[in-house]
Amino acid sequence: STNENQILSTDGLKKSFGGVMAVDGLDISIEPGELVGLIGPNGSGKTTTLNLITGFLSPSDGEISLDGKDITNKKPYEVSTLGVGRTFQISKPFGRLTVVENMMVPNVSVGPEERDERIWELLEELHLDHVAENRADELSGGQKKLLELARVLMLEPELILLDEPAAGVNPALMDEIIDDIKRINNRGTAILVIEHDMSVISALCERVIVMNAGRQVMSGTFEEVQADDQVREAYLGG
Ligand code: ADP
C-alpha cells in the first residue's frame with residue numbers, strides 16, 4: 001500500500017526475464033532524507049530494482065510510488081523530472097565533451113545565469129572545478145563518478161539512486177566520495193545505494209535493506225544486518 005510519508009515505496013514489485021524472477025514481490029520503502037544501502041548477493045535483483053524504479057524496465061507486476069503518487073510504468077525522463085536521479089556502476093559521461101559541457105546536458109528549468117551558478121557551485125563542491133575544461137574521458141574513474149553525481153544534482157533530485165559508487169574508485173578518493181554523499185544527504189536528499197564494499201556501506205548507511213532472490217529479507221542497521229543468520233545464509237548460499 002502507498003504511504004505519503006515515504007518518498008519511495010514498492011508494493012509487490014515483480015520482474016521476470018523469461019523464467020527468471022529477478023524481482024519477486026519486493027516491498028521496500030524509503031523515507032524522505034534517508035540514506036539507505038541495498039545489498040545482497042550477485043543476482044539477487046538489486047540492479048533490476050533500480051532499473052524498475054527509474055523506468056528503464058517495466059514491471060511484470062506490482063506498483064512503485066514516489067511521494068505517494070503512482071509512478072509505475074513511467075518513462076525514465078518522466079521519473080527523472082519527478083525528482084529521481086540515478087548514477088551507474090560504469091559511469092558514462094560524454095567523453096569528448098568537457099566536464100563543464102557535460103554539466104550543461106541536463107535540461108534544467110532555470111535561466112542560463114542560474115544554471116551556470118549551479119554548475120560552478122557543484123563543480124567546486126565536488127572538487128572538479130580544476131578539471132572543468134578537461135575532456136571527460138581524461139578523468140580518473142573516481143572523478144567520472146563525481147561528474148556523474150554532479151550532473152544528477154543539476155536537477156535537484158529528491159531521491160538519488162547510486163549504483164556502486166565505490167567500484168573502480170581509487171581508495172584515496174573513496175573517503176572523499178563518502179563525505180560528498182553524506183553531505184548531499186544531510187542537505188535533505190534521500191539516497192538509495194547499491195554497494196558491494198561493506199566498509200563503504202557501514203560508513204555511509206543508517207539503514208540497510210538486504211535482498212535475496214528478488215525479495216527483501218531484512219532491513220536494519222548495518223550491525224543488525226551483519227548479525228543476522230538469514231543474511232549470512234543469503235551470502236553464503238544457504
Ligand atoms: P544484482 O544486481 O543483485 O546482481 P540483477 O538485478 O542484475 O542482480 O539480476 C537478477 C537476476 O535477473 C539474475 O538472475 C540475472 O541473471 C537476471 N537478469 C537481469 N537482467 C536480465 C536481463 N536483461 N535478461 C535476462 N536476465 C536478466
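The following questions and answers cover the ligand shell, two helices and one glutamate of a predicted model.

This is a predicted model in which local features need pLDDT of at least 70, side-chain atom pairs count only at pLDDT 80 or more, and totals for chains, interfaces and linings use all residues. Residues are numbered from 1 along each chain as its sequence is written, and side-chain values use heavy atoms, with hydrogens and water left out.

Student: Which helix gives the most to the shell around the ligand?
Tutor: A residue counts as near the ligand if one of its heavy atoms lies within 4 Å of it. Phe17, Val20, Pro41 and Lys46 are among the residues that surround the ligand. Strand S2 (20–26) and helix H1 (46–53) each supply at least two shell residues; helices (H or I, at least four residues) and strands (E, at least two) are DSSP runs, numbered from the N terminus. The top contributor, with three residues, is H1.

Student: Which residue has a side-chain N or O atom 2.6 Å from an oxygen atom of the ligand?
Tutor: Two backbone distances can be set aside: a polar backbone atom of Gly43 is 2.8 Å from a ligand oxygen, and a backbone N or O atom of Ser44 lies 3.1 Å from one. The side-chain atom at 2.6 Å belongs to Thr48.

Student: How many residues of H1 are buried?
Tutor: Buried means under 20% relative accessible area, exposed over 50%, and partly exposed in between (1.4 Å probe, protein chains only). In H1 the buried residues include Lys46, Thr48 and Leu50. Of the eight residues in H1, the buried number is seven.

Student: What is the span of helix H5 from its first C-alpha to its last?
Tutor: H5 covers residues 141–153, which is 13 residues. The expected span of a helix is 1.5 Å times one less than its number of residues, and for H5 this is 18 Å. The model is close to that, at 19 Å.

Student: Which helices do the buried residues of H5 pack against?
Tutor: Eleven of the 13 residues in H5 are buried, among them Leu146, Leu149 and Val152. Contact means heavy atoms within 4.5 Å. Besides strands S7 (84–87) and S8 (159–163), the partners are helices H3 (99–103), H4 (112–125) and H6 (171–186).

Student: Is Glu224 buried or partly exposed?
Tutor: Glu224 sits in helix H8 (residues 222–226). Its C-alpha is separated by 9.4 Å from that of Arg207, 17 residues apart along the chain. Because its relative accessible area is 46%, Glu224 is partly exposed.

Notes:
Polar contact = N/O pair within 3.5 Å; in protein donor to acceptor, adjacent residues only side chain to side chain.
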